[in-house]
Amino acid sequence: LVLRMIFARASGRLRIFSASVTAAAFLMFFSSITATRLIYRAQSPSFVAHLPRFLRDIPVPLPFVPRGAISMNLSTSSSPPSLPLPPLIGPDGAEISSQEVEKQLRGRQVALYFAAGWCPMCTSFEPSLIKFREAAAGSGNPVELLYVGSDRSDADQLGRAAGMGMSSVPFENVAEVKKHFRIWAGSECRTFGGDRRSGVPALVVLDKSGRELAFVPAEARGVRSLESWPLQDKNAVWGS
């Protein structure tokens with residue numbers, strides 16, 4: 001009887017110890033996932049979107065914020081030098097000369113819209129983007145969106161731009177624009193590499209000198225990203 005009691009107590013303690021070890025292992029696992037999310041979110045906003053839902057939904061406690069994450073976010077906010085706009089293609093498919101581009105953009109805020117027709121996040125974001133453009137015009141802050149496509153062909157890009165009433169960067173010039181602003185689709189990483197700050201969709205608001213004024217991270221934040229558009233900034237109005 002005494003031996004049975006000793007054995008029962010030992011078995012109980014073993015079960016408690018085993019449960020504690022299991023719980024500690026799960027805690028370490030979820031903590032490492034949380035830290036990984038923070039590090040990779042700073043480097044690639046699309047990373048978290050590809051995680052399983054039960055990992056995406058884990059709350060991020062402050063003690064696990066790595067020191068490097070803040071500096072990485074700050075480093076992506078530095079504005080590249082201005083990039084002269086190439087001649088554009090109008091919604092009707094006709095080329096717009098540089099002089100005509102200046103007339104078209106005068107008095108408007110200008111943004112480059114990086115997207116693709118095969119991208120579900122882009123096509124679901126665009127109805128809200130079009131409404132935003134209409135609301136901005138109604139409030140006296142007209143916006144001109146210039147399409148920078150990651151589409152499969154020139155014809156696909158022109159069709160997309162025409163459907164949204166946008167002028168577009170010529171198909172042969174989009175690579176230069178993407179590399180300058182470090183924005184391209186995940187499927188283009190084989191061509192441009194992995195040193196990008198965002199995939200598609202995304203917008204870059206340009207100031208009147210052609211420099212980046214604001215980055216609108218639509219891939220990471222969806223419709224909420226439009227809140228970061230500086231509509232009231234007069235430096236964003238071309239020709240002013």
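Guide: Two strands pair if DSSP finds at least two bridges between them. The model discussed here is predicted, and four bridges join its strands β6 and β7. Four satisfies the requirement of at least two, and β6 and β7 therefore count as paired.

Visitor: In which direction do β6 and β7 run relative to each other, and which residue of β7 stands opposite Val-204?

Guide: They run antiparallel, with Phe-215 opposite Val-204. Five residues lie between the strands of this hairpin, where Gly-210 takes a positive phi near 95°.

Visitor: How do you know that β3 and β6 pair?

Guide: Five bridges join these antiparallel strands; at least two are required, so the pairing holds. Within it, Tyr-113 stands opposite Leu-203 of β6.

Visitor: What makes β6 mostly covered?

Guide: Five of its five residues are buried. Ala-202, Val-204 and Leu-206 point one way from the strand, whereas Leu-203 and Val-205 point the other way. Leu-203 also belongs to the largest nonpolar core, a set of 46 residues; Tyr-113, Phe-114, Phe-181 and Trp-229 join it as the members that touch the most others. Strands β3, β4, β6 and β7 are among the elements that each supply at least two residues of this core, as are helices α4, α5 and α7.

Visitor: How does the span of α5 compare with the expected one?

Guide: The helix has 19 residues and reaches 28 Å from its first C-alpha to its last, close to the 27 Å expected. A kink of about 35° nevertheless lies at Glu-126, shortly before Pro-127. Buried residues of α5 include Phe-125, Glu-126 and Leu-129, and the buried residues of this helix pack against β3, β4, α6, β6 and α9.

Visitor: Why is the contact of Arg-221 with Glu-227 called a salt bridge?

Guide: The closest N and O atoms are 3.9 Å apart; the cut-off is 4 Å, so the pair qualifies. Glu-126, Asp-151 and Arg-160 are joined into one network by salt bridges that share partners.

Visitor: Why is Arg-221 called partly exposed, and Glu-227 exposed?

Guide: The relative accessible area of Arg-221 is 33%, which falls between the limits of 20% and 50% and therefore counts as partly exposed. Glu-227 has 64% relative accessibility; exposed means over 50%, so the term applies.

Visitor: What makes the salt bridge of Glu-212 and Arg-197 a tie between parts of the chain?

Guide: The side chains meet at 2.6 Å, N to O. Glu-212 lies in β7 and Arg-197 in the loop between α8 and β6, so the pair ties together parts that are 15 residues apart in sequence. Both residues are buried.

Note on methods. Residues are numbered from 1 along each chain as its sequence is written. This is a predicted model: local features need pLDDT of at least 70, side-chain atom pairs count only at pLDDT 80 or more; totals for chains, interfaces and linings use all residues. Side-chain values use heavy atoms; hydrogens and water are left out. A nonpolar core is a set of buried Ala, Val, Leu, Ile, Met, Phe, Trp, Tyr and Cys residues joined through side-chain atoms within 4.5 Å. Buried means under 20% relative accessible area, exposed over 50%, partly exposed in between (1.4 Å probe, protein chains only). The expected span of a helix is 1.5 Å times one less than its number of residues. The bend at a residue is the angle between axes fitted to the seven residues ending there and the seven starting there. Contact means heavy atoms within 4.5 Å.
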